[in-house]
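Welcome! Please take a moment to look over the sequence and the 3D view, and then let us walk through them together.

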Amino acid sequence: MSNPRTKWTTDARYFEYSKVANPIGHQIPKVPTADFNHSLHEQGESRVIPLDLSRKLQCPSPATSPNLCANFIRIQPGERITTSPNATSQLYFVIRGKGRTEFNGEAIPWTPHDLFTLPVGSAIHIAGSDTALYWVHDEPLLTYLGVRADAPRFKPTLYKHEDEDRELKKIQSDPCAGSRSRVSVLLANKNFKQTETITHVLWAMYGVLPKGATQLPHRHQSIALDLIIDCKPGCYSLMGEKLDSEGNIIRPLRADWKTASVFVTPPGWWHAHYNESGADAHLLPIQDAGLQTHMRTLDIHFFHADHKSYISLRH
Ligand SMILES: [Fe+2]
């Protein structure tokens, strides 16, 4: 008769520590860089267009980072799209178009550059004119955990474009704005007092890259899924894994900004922004920094030009 304990051991594995102490870059792929062009949402039928890196990430379903899935939603005038992810956090930004979103029997009207968040649940997006939405949710995280979202952590919340612009102009007109690492509004929700983020998982920033500006390198462990809201040619980001002693990113990759397009900055990579276009440009990075901050793993650092060194940001 077999040992009654043995049947519980079939999936157990044992490794010598040094062989698998850091599987990242080996059996678990690193997060790739990527960009997704505005042409994806400018033609064809009404549909959801995942910005899908799941094959490179080895995730079982559409994902743009291990935790998040970013998408464009294209909706033709008078048509509708239903979204129903298994997600705790959904963020929608109106790239173009006017319409409304129906959620739990109520309607949220929206116009260009409005942003709204939804908790778990189904939503119907109805377009009154040619519409493109940028939609980010955390279904890949829940898929990894093997759980279903069932408890809303916040109620639907709208960030009107005129409120975003008012707050950004206040910050931009501050005499100290030129000395800051970024000229931006962090969008938050009163339910998340610890992380001060837009949901408990997602982080969102509405920012301007003023004409002629260089925004020096910084880095963080959250992954950035940057939507460029508007720009003229001549805006770009440099990104890479290491800095030299002068604060230059070593062997950088260059992401040229394009209006209504998205690029991915991997975790821990230094990134700096440059505007040589002659006109202000606007961006909306979305990150999993709510979750990273909760885990105390955000590890954000800024290069400090005066001291030729980098500093970590401590609250
Ligand atoms: Fe950043």
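Before we start, one term will help: helices and strands here are DSSP runs, numbered from the N terminus, with a strand needing at least two residues and a helix at least four. Please also keep in mind that this is a predicted model.

With that in hand, let us visit a loop. Between strands β12 (183-187) and β13 (203-209) lies a loop that holds Glu196. The phi of Glu196 is near 55°, which is a positive value in a residue other than glycine. Is Glu196 buried, exposed or partly exposed? Its relative accessible area is 49%, and exposed means over 50%, so Glu196 counts as partly exposed.

Another loop has a residue of this kind. Ala260 sits in the loop between β17 (253-256) and β18 (261-265), and its phi is positive too, about 65°, although Ala260 is not a glycine. Ala260 has a relative accessible area of 8%. Because buried means under 20%, Ala260 is buried.

Next, find the iron ion. Which protein atoms are its donors? They are the NE2 atoms of His218, His220 and His271, lying 2.1 to 2.2 Å from the iron ion. Along the chain, these donors follow the spacing H-x1-H-x50-H. Both His218 and His220 are buried.

Now turn to a sheet. In general, strands of a sheet pair through backbone hydrogen bonds, in either a parallel or an antiparallel way. Here, 6 strands form an open sheet with antiparallel pairing, and their order is β2-β3-β10-β5-β8-β11. At the edges stand β2 (47-50) and β11 (157-159); each has a single partner strand, so one side of each is left without a neighbour in the sheet. From one strand to the next, the twist averages 20°.

We can look at one end of this sheet in more detail. Strand β2 runs antiparallel to β3 (residues 69-75), and 4 bridges join the two. If you pick out Arg47, you will find that its bridge partner in β3 is Arg74.

Our last stop is on the surface. Tyr144, Leu145 and Val147 make a nonpolar patch of about 360 Å² there. Of these residues, Leu145 belongs to helix α3, which covers residues 139-145. Why does Leu145 count as exposed? Exposed means over 50% relative accessible area, and Leu145 is at 54%, so Leu145 passes that cut-off.

Notes
Residues are numbered from 1 along each chain as its sequence is written. This is a predicted model: local features need pLDDT of at least 70, side-chain atom pairs count only at pLDDT 80 or more; totals for chains, interfaces and linings use all residues. Side-chain values use heavy atoms; hydrogens and water are left out. Buried means under 20% relative accessible area, exposed over 50%, partly exposed in between (1.4 Å probe, protein chains only). Patches are made of residues with over 30% relative accessible area and no salt bridge: like charges are joined within 9 Å, nonpolar side chains (Val, Leu, Ile, Met, Phe, Trp, Tyr) within 5 Å. Accessible areas come from the Shrake-Rupley method with a 1.4 Å probe; for residues, only the protein chains shown count as cover. A salt bridge is a side-chain nitrogen of Lys or Arg within 4 Å of a carboxyl oxygen of Asp or Glu. Donors are N, O and S atoms within 2.8 Å of the metal (3.2 Å for Na, K and Ca); water is not among the atoms, so sites may look incomplete. Two strands pair if DSSP finds at least two bridges between them. Axes are lines fitted to C-alpha atoms, for helices over the stretch in contact, and angles run from 0 to 180 degrees between N-to-C directions.
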